[in-house]
Amino acid sequence: MTTEVNTYVRYQFNEFGMGLKRTEVELPKPTGTEVLVRVNYCGVCHSDVHIYEGYYGLGQGKKLSLEERGIKLPVTLGHEIVGTIEAAGDQAGEIQPGKQMLVYPWIGCGECSVCKRGEENLCTKPAALGVFKPGGYSQYVLVPHPRYLMDLGNLNPSHASLLACSGLTTFSAIKKMGDVHDDEAVVVIGCGGLGLLAIRTLSLLGVKNIIGLDLSEQKRELALKVGATSVFDSSQENVLEAVLQAGNANCAAVLDFVGGDATVQMGLNLTRKGGKLIIVGLHGGELSYPIPYIITKAISIIGSYTGSLGDLKELIEFANKHDLINLPIQIRPLDEADDALNQLTNGQVEGRLVLENS
C-alpha cells in the first residue's frame, strides 16, 4: 500500500548569510498550467553564493541589496534543476509523468514586451526559480508552465543540470561575440566552472586561439585540458604583455567570468580595435575608463545575464552533438546542501558541485 506524500523537505535560509535550514513544507498541488517536478539533480552555482550573501559589491564599500531588488525571505536556492514530472494542472496539456526533464529557471512575467520577444531572463518582474521562487535545493519544485521543461535527449542528467545556468550563461555570452576568425584570439578571464565551460564550448566551436587567465594553477591546468591553447597567472608581472603576445595583439573578444575592477580593466586593455568585452562575473566593483578610448577603439562593453529559453534549446541540441561537459563534477546528497554551498563560497571546488535527491 502506497502512502500519499503530503509534505516535502527543502533547504532554505531565513536570513541572508545565516546558513541553510532543513525545512518541511506542504507539498503543493499543481493547478492551471503548473507542473510539479521531483528534483533529481541541482547544480550548486556561484550565483547561489551572491544570493545567499544578499548583495552585489559596487566598489568602495558600497553594496547593492538583493532584498531591495525584490528577493524575499525565506529563500530556497537552486536554479540548475533536472527532475521528474510528478503531476500537472488541468491546463498543462499533454505531459509525461515519470519523464526526466531539464528545467529552464529564468522565468519572467510572460506578459511584457521583453517576455514576448523571448527574453524572459531580462524581465523587470522576474519569477526565477531559486531566486524569487523556491528552487532546487529541495525534493520538489513547482514549475509554472510546461514550456519551461526541456527534453534531455541523450545527456547524462547530473551533467545536464549545469546547462540551465552555467552552460546557458556561457553559451549566451559566446553568442554575443559573433564570428571569430582563425587569426583572432578569445581571452577567458576566470577558469572556474563557467570559464571552463566557456573554454570547452569555444574549442568545440572551432576557435583556434583560446587564452585562459586565472590565479589558481590547478584551474589553469584544467583550462588546458578542456581546450585552452595557453594559460597565464593573472597576477604575474607583465601578464598583459604576455597575453597580447599570445593573442598576436588580435583579441576579438574577452569573456570576463570574474567581473571585478581589475579584470574588467584588463579586459578593456586586451580588446583590440572593434573588439568586445563581455562581462559575466558578479564579483563587483566600479568601471572607470576614458570615453574617447571606447569611441576611437570602437570597442563594445556588454553585460551578459544568463540566457533565453531559445538559447537553452540551442544549447541542449549542441550538447547532444558534442562531449560538452568534460570538467570535474562532484555529486553530493541533497542533505549536504549547506556544506556544499560553504565549500563553493570558500573556493574549495574543482569544477562543479551537483546535489542529488535520491
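How do the residues of the lining of the second largest pocket divide into nonpolar, polar and charged? The split is 13 nonpolar, one polar and four charged, with Ala, Val, Leu, Ile, Met, Phe, Trp, Tyr, Cys and Pro taken as nonpolar, Asp, Glu, Lys and Arg as charged, and the others, Gly among them, as polar. The structure is a predicted model, where local features need pLDDT of at least 70 and side-chain atom pairs count only at pLDDT 80 or more, while totals for chains, interfaces and linings use all residues. Residues are numbered from 1 along each chain as its sequence is written, and side-chain values use heavy atoms, with hydrogens and water left out.

Back to that pocket: its volume comes to about 320 Å³. A pocket here is an open set of points on a 1 Å grid over the protein atoms alone where a 1.4 Å probe fits, with protein on both sides within 12 Å along at least five of seven lines; lining residues have an atom within 4 Å of a point. The volume itself is the space filled by probe spheres set on the points. Of the 18 lining residues, Glu34, Leu129, Lys133, Leu142 and Pro144 sit nearest the centre. Strand S9 (140-143) and S1 each chip in at least two lining residues, and S9 gives the largest share, three. Helices (H or I, at least four residues) and strands (E, at least two) are DSSP runs, numbered from the N terminus.

Strand S1 (residues 7-13) also pairs with S6 in the antiparallel sense over two bridges; pairing takes at least two DSSP bridges between strands. Glutamine 12 has threonine 76 of S6 as its bridge partner. The open three-stranded sheet runs S2-S1-S6, with S2 (21-26) and S6 (75-76) at the edges. In the loop between strand S5 (62-65) and S6 lies proline 74, joined to leucine 73 by a cis peptide bond with omega of about -5 degrees.

Helix H4 (residues 166-175) is largely enclosed by the rest of the structure, because nine of its 10 residues are buried (under 20% relative accessible area with a 1.4 Å probe, protein chains only; exposed is over 50%, partly exposed in between). Those buried residues, including Phe171 and Ile174, pack against elements such as helix H5 (193-204) and helix H10 (309-321), contact meaning heavy atoms within 4.5 Å.

Two alanines have positive phi: alanine 249, near 50 degrees, and alanine 298, near 55 degrees. Alanine 249 is exposed at 54% relative accessibility, whereas alanine 298 is partly exposed at 45%.
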